[in-house]
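Me: Please take a close look at one part of this model, the protein surface that meets one of the DNA strands, and describe it in a connected way.

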There are 2 protein chains.
Amino acid sequence: MSKSRPNCTSLDIARAAGTSRATVSRVLNGTNGHISISEETRARVLRVAAEMGYAPNAAARQLRMRRAQAIGLILPPSRYRRPGQPGTFGLAQFLGGIIDAGDSTEYNIMLAPGTSPERAVQMLHGKQVDGLLVIHPLETDPYIRGLLAAGAPVVSMCQMPAEVPVSWVDFDNVGGARAAVLHLAQRGHRRIAFICGMAGTMVSSLRIRGYREALDLAGISFQEDLVVSAPEPTRTPQGAAALRQLLRLPEPPTAVFCYRDQLAFGVLLAAREAGLRVPQDLAVVGFDDDPASAHQDPPLTTVRADFFGAGREAAMLLIDLIEERTLGPASKLLPTELIVRDST
Amino acid sequence: MSKSRPNCTSLDIARAAGTSRATVSRVLNGTNGHISISEETRARVLRVAAEMGYAPNAAARQLRMRRAQAIGLILPPSRYRRPGQPGTFGLAQFLGGIIDAGDSTEYNIMLAPGTSPERAVQMLHGKQVDGLLVIHPLETDPYIRGLLAAGAPVVSMCQMPAEVPVSWVDFDNVGGARAAVLHLAQRGHRRIAFICGMAGTMVSSLRIRGYREALDLAGISFQEDLVVSAPEPTRTPQGAAALRQLLRLPEPPTAVFCYRDQLAFGVLLAAREAGLRVPQDLAVVGFDDDPASAHQDPPLTTVRADFFGAGREAAMLLIDLIEERTLGPASKLLPTELIVRDST
DNA sequence: CCTCTCTGTGTACACGTGTTCAGAGCGCCA
DNA sequence: TGGCGCTCTGAACACGTGTACACAGAGAGG
């Protein structure tokens, strides 16, 4: 293993190799233009650089190139940042995909500080990052528009309405929900409830659209009181409470489609509590394919969403926008897959 | 809202304010030395800077100050980066705490690329980050030692053996495990099994130490066959398999302490499958206080670990080392808390 | 022999900032 | 009026890099 010299500039390499700094730079970056370098000089420079453990100063390079070679990642503050608030398994997967994209493109990933768009815009203006990746913006409009106003590439990891001129990558929320509800209809269910998330969020309204499309296709009429909204955070206890509310109806549902697996876990608990057998008395479907879903009692039927792939695709799209291989707002919808287990 | 000018240098501010660049820098950074600035000039500069939405160029500042004002975060590749591999809830909490620390100290957080220490060392030498935070190093020795060889501040988020000269922050694994097992002994259990993680990892060996200490204190003799190792990944199915193995013993245990909550979930499933009532026939304790633990059937007794606080403390320690407020390897052990629920 | 192309190298500048140092203006005292 | 201290400002440099440009040498064609 070569001795690593912490402070070692390209001038040091040039001196040690008996050449000039310009030649060192040309050899290491390969950007000769139309200029060529003798094979002997190139080999000598490479050898010396490796021996001295040379690493180019990132700040100097960024300053010269007017590019940070980095993307900023804006995590959803409300869900992941408060102490005691659990994160969904999706975050780790998103991160994995994003880092994977960064690895293969030589881009660095920087976590954006603060909870308001101002700090993120500062990062852009300060040329600390070349673009921003926003995971699940909650207060969609003002936040995203604030970022777009800075005039830099932005990709949202959540499908956005067409009138917001932003690029995004997401799974097919509508199609996934439709498939889940159609599956229930095919098993003979006519009273299918939907436990949705906070009203007004994009994901929630997309999944409810899929729910309604499936009802239409199956010839089932939409009933207001079969749709209940679980308050944030949409987790296990909220799912249990939502089912209890549904069971108080004069004609309770025989099947429940949940906006998220975590809600479905609560539904399973509350069903057992109420003496209902799953799936005989009540069928349950979730959304996400949380790894815990396969280990519920009974194992949960759900819609699989590829978080890792979405993270990777979103980062790739952002980098394409930065390097202007893609122009203007672009979007990508990833397919989802219905995973049938024993809860239906 | 002020019109944000994307490219706007301190020279622009100086010209607009009718002064020089040096004065602008002095006003904005406050570092006058013994020099003072007239109140009128200061106000004019601040107003112009705000109007033009000035953000200092990060690269230029870093180059001048010889400091990146950023820390690198090394995520455990094996657990979080592969597609399909779920992350533990702890990661989101860790990140929350780390970002929180970054917010309050004006440090940025950069995700380290690659899976080998080389790329991380490059980040250090290239002055892209001032220090590294390592989450759960798996192949402890070579990895950490490789980072330390670079001569930069490093903090591990996992307790390390004393002979490795690295700083670390962790919860009290020994104390948490001891408390959990003592709790079982106090409830009258004498045959207490331990389902541990992969042999050789630091966390696993610390928790088994706590287990043995508790047995000693309770006057129970250690029995080899009551300790089973769940293979990686230590999740629900592995927990179920471990319990099945324990139940095949001539004298099966009446209580099980699990290295992680995820394993305990599997134990609960397998117990129900075997017709055992929890806690009457089998008592179960986990470790982590995963948010799902409270919603198991029955709710799981477990050891709460403050991941958010650990992330925050680790980042703070790293920043103290960078700014040389703390010298040499330092370490911090955070307390754990036994949460008694219905599984014991 | 002169000019012209081609190859390989080095010099010099720009990127935007923080900070040192010299100096301008001004009031005060001898 | 000259000298001196005090307050505030601006010119100049360094940080380490990528690259446009000039240049030296050599070979070839007129």
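Reply: In this predicted model, the side chain of N29(A) places an N or O atom 3.0 Å from a phosphate oxygen of DNA strand D. Chain B also reaches the phosphates of this strand: an N or O atom in the side chain of T41(B) is 2.7 Å from a phosphate oxygen, whereas S20(B) uses a backbone N or O atom, which lies 2.8 Å from a phosphate oxygen of DNA strand D. The elements that give two or more residues to the surface near the strand are α2 (21–29) and α4 (58–65) of chain A, together with α2 (21–29) and α4 (58–65) of chain B; of the shares in this surface, that of α2(A) is the largest, at five residues.

Altogether 29 residues surround DNA strand D, and those that come nearest are T9(A), R21(A) and Y54(A) from one chain and S36(B) and T41(B) from the other. T41(B) is thus both one of these nearest residues and the owner of a side-chain atom 2.7 Å from a phosphate oxygen. Sorted by class, the surface near the strand holds twelve polar, nine nonpolar and eight charged residues. On the DNA side, sugar or phosphate accounts for 59% of the strand D atoms within 4 Å of the protein, and bases account for the rest.

For the protein interior, the largest nonpolar core has 60 residues, and L73(A), L133(A), L73(B) and L133(B) have the most contacts inside it. Beyond its neighbours within four places in sequence, L73(A) is in contact with residues including L95(A), I98(A), L133(A) and I135(A).

Note on methods:
Residues numbered from 1 in each chain as written. Chains lettered and ligands numbered in written order. Predicted model: local features only at pLDDT ≥ 70, side-chain atom pairs only at ≥ 80, totals over all residues. Heavy atoms only, no water. Near = heavy atom within 4 Å. Polar contact = N/O pair within 3.5 Å; in protein donor to acceptor, adjacent residues only side chain to side chain. Helix = DSSP H or I, 4+ residues; strand = E, 2+ residues; numbered from the N terminus. Nonpolar A, V, L, I, M, F, W, Y, C, P; charged D, E, K, R; others polar. Core = buried A, V, L, I, M, F, W, Y, C linked by side-chain atoms within 4.5 Å. Buried < 20%, exposed > 50% of the residue type's maximum accessible area, 1.4 Å probe, protein only. Contact = heavy atoms within 4.5 Å.
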